[in-house]
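Here are a few exercises to work through with the model open beside you. Try each task before reading its solution.

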Amino acid sequence: MPVSPAYRPEPRFIDLGPDYSDAVRSADFPQTILRFRNDRAAAEVGLEALSDAEWIAAFGRFEPLPGQPGPIAMRYHGHQFRQYNPDLGDGRGFLAAQMRDADGRLLDLGAKGSGRTPWSRDGDGRLTLKGGVREVLAAAMLEAQGVPTSRALSLIETGEALERGDEPSPTRSAVLVRLSHSHVRFGTFQRAAYLNRPDQIEALIEHVRSLYHPQVAAGDVPGLMRAVVDASARLTARWIAAGFVHGVLNTDNLNVTGESFDYGPWRFLPAYQPGFTAAYFDHGGLYAFARQPEAVFWNLTQLASCLAVVSDPKTLADALNGFGPAYIRELRAAFLMRLGVQSLGEAADQRLVDTTLALLREGGEAMRWEPLFFDWFGGFASSARALSGPRAKLYQGEAFDAFRFALLEHEPDRIERLEHPMFAAREPEEMLIGEVESLWASIDAADDWAPLHAKLARLEAARVAWGFTA
């Protein structure tokens, strides 16, 4: 298989031994039709030179990449809507490969929809094609907005008719491959604690510390907890700044690197709505937009309780309690990033966050969420553009005056970004549910993939224009 010199295989999760995973095989699919390949992401790990046939062999039939031992399904537990479930694990996916990028970071290739595993329970181990399309879209939008996220590397249609209770059936099937920084979930630690295996917890601690948080000294468990807390605070703040609702913030859906992944019933806010939920089954609003910081903190407390099996609970509690200050600090940074301005100090930056939220609240459905950041990106440099644009009539009154004052006292950050053609458009790229359904309808009704690929091209242009890096 023609990998490039940038390909650096390093299957490190195998080092932990068989207590954490099971060797598995991919399903034998009746078809393998390549629908999406992310060559930019593939180039980071030396896989961009694969022909389409070789790509399908690697990510549709899962023939092992050079130096890789073969797929493993990971074992973990988790709280699902705060109810503990010991019957979890990779039930429709596996870790297919591990490698390092040019910066030396360990990256994982994880499959979703690859077939049954020992942890499938009553499931068929498959992924709907619609679910795969939705994950491709979510990851592309979040990356464009500067949110730490897994990236969709590949989507291959697999030619099966699936029955699902929450969408019209039969529906088409697919297998997705993600590129991400870690598959070690909070629930991976929970399983070891549930089994009363402090030796497994200690092995996981050293594995995570050495590979993902090497700045933490060996044996410094509170230091590792602080690193995970800080990464989780950064992720949560960027979700909020993006107007994103993950939908299912269970402990098995958060990982130790603070990277967003596993996009099921996600949504982007149509407008400022603190109680907006993404999952139709989240009847109590546990994972509503504004409750996401609370949800992440609760999950971090579950991780801390696992680490307390082998470390001092008080020092872990001190590390855990750093989440609130870290989140507020990261929220200020995230709003500055999205508005394209430089920091002016804690008080001024917080005033900008507060006035931005107040203006979004007042603007409501007429303003939506994303357009405000588009209109005013670059601060004072965008005044003429914003005040002559489609939302000009919304930019008046006391809430706007307070926002404008807070924004214009901040200097633009890399003002040259405004020269990108995207900022000449009247509207930004959004990802509201109506557009998602429309993109899927074109595929479902006429097998027309052109609108999806056009949307992904526009999101890539937006990523370049914003200049964000996750």
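**Exercise 1.** Find the phi of glycine 340, just after α9, and then work out how α9 sits in the fold.

*Solution.* Start at glycine 340: just after α9, this residue takes a positive phi of about 70°. Keep in mind that this is a predicted model, where local features need pLDDT of at least 70, side-chain atom pairs count only at pLDDT 80 or more, and totals for chains, interfaces and linings use all residues. Residues are numbered from 1 along each chain as its sequence is written, and side-chain values use heavy atoms, with hydrogens and water left out.

Next, check the length of α9 (residues 323-339). Helices here are DSSP runs of H or I with at least four residues, strands are E runs of at least two, and both are numbered from the N terminus. The expected span is 1.5 Å times one less than the number of residues. For the 17 residues of α9 that gives 24 Å, and the end C-alpha atoms are 24 Å apart, so the two agree.

Now for burial (buried is under 20% relative accessible area, exposed over 50%, partly exposed in between, with a 1.4 Å probe and protein chains only). Of the 17 residues of α9, 12 are buried, so the helix is largely enclosed by the rest of the structure. Charged residues turn up in that buried set too, including Glu330, Arg332 and Arg338.

**Exercise 2.** Is threonine 355 buried or exposed, and what does it touch?

*Solution.* Locate threonine 355 in helix α10 (residues 346-367). Its relative accessibility is 11%, so it counts as buried. Then list contacts (heavy atoms within 4.5 Å): leaving aside neighbours within four places in sequence, threonine 355 meets Ala402, Phe403 and Ala406.

**Exercise 3.** Which residues have the most contacts inside the largest nonpolar core, and which helix gives the most to this core?

*Solution.* A nonpolar core is a set of buried Ala, Val, Leu, Ile, Met, Phe, Trp, Tyr and Cys residues joined through side-chain atoms within 4.5 Å. The largest one has 109 residues, and those with the most contacts inside it are Leu137, Phe189, Met225, Trp266, Leu300, Leu307 and Trp376. Helix α6 (residues 221-242) gives the most to this core, with 13 residues.

Zoom in on methionine 225: not counting residues up to four places away in sequence, its partners are Leu300, Leu303, Ala304, Leu307, Leu316, Ala319 and Leu320. Finally, look for a second, separate core: this one has 28 residues, among them Ile56, Phe94, Leu107 and Val177.
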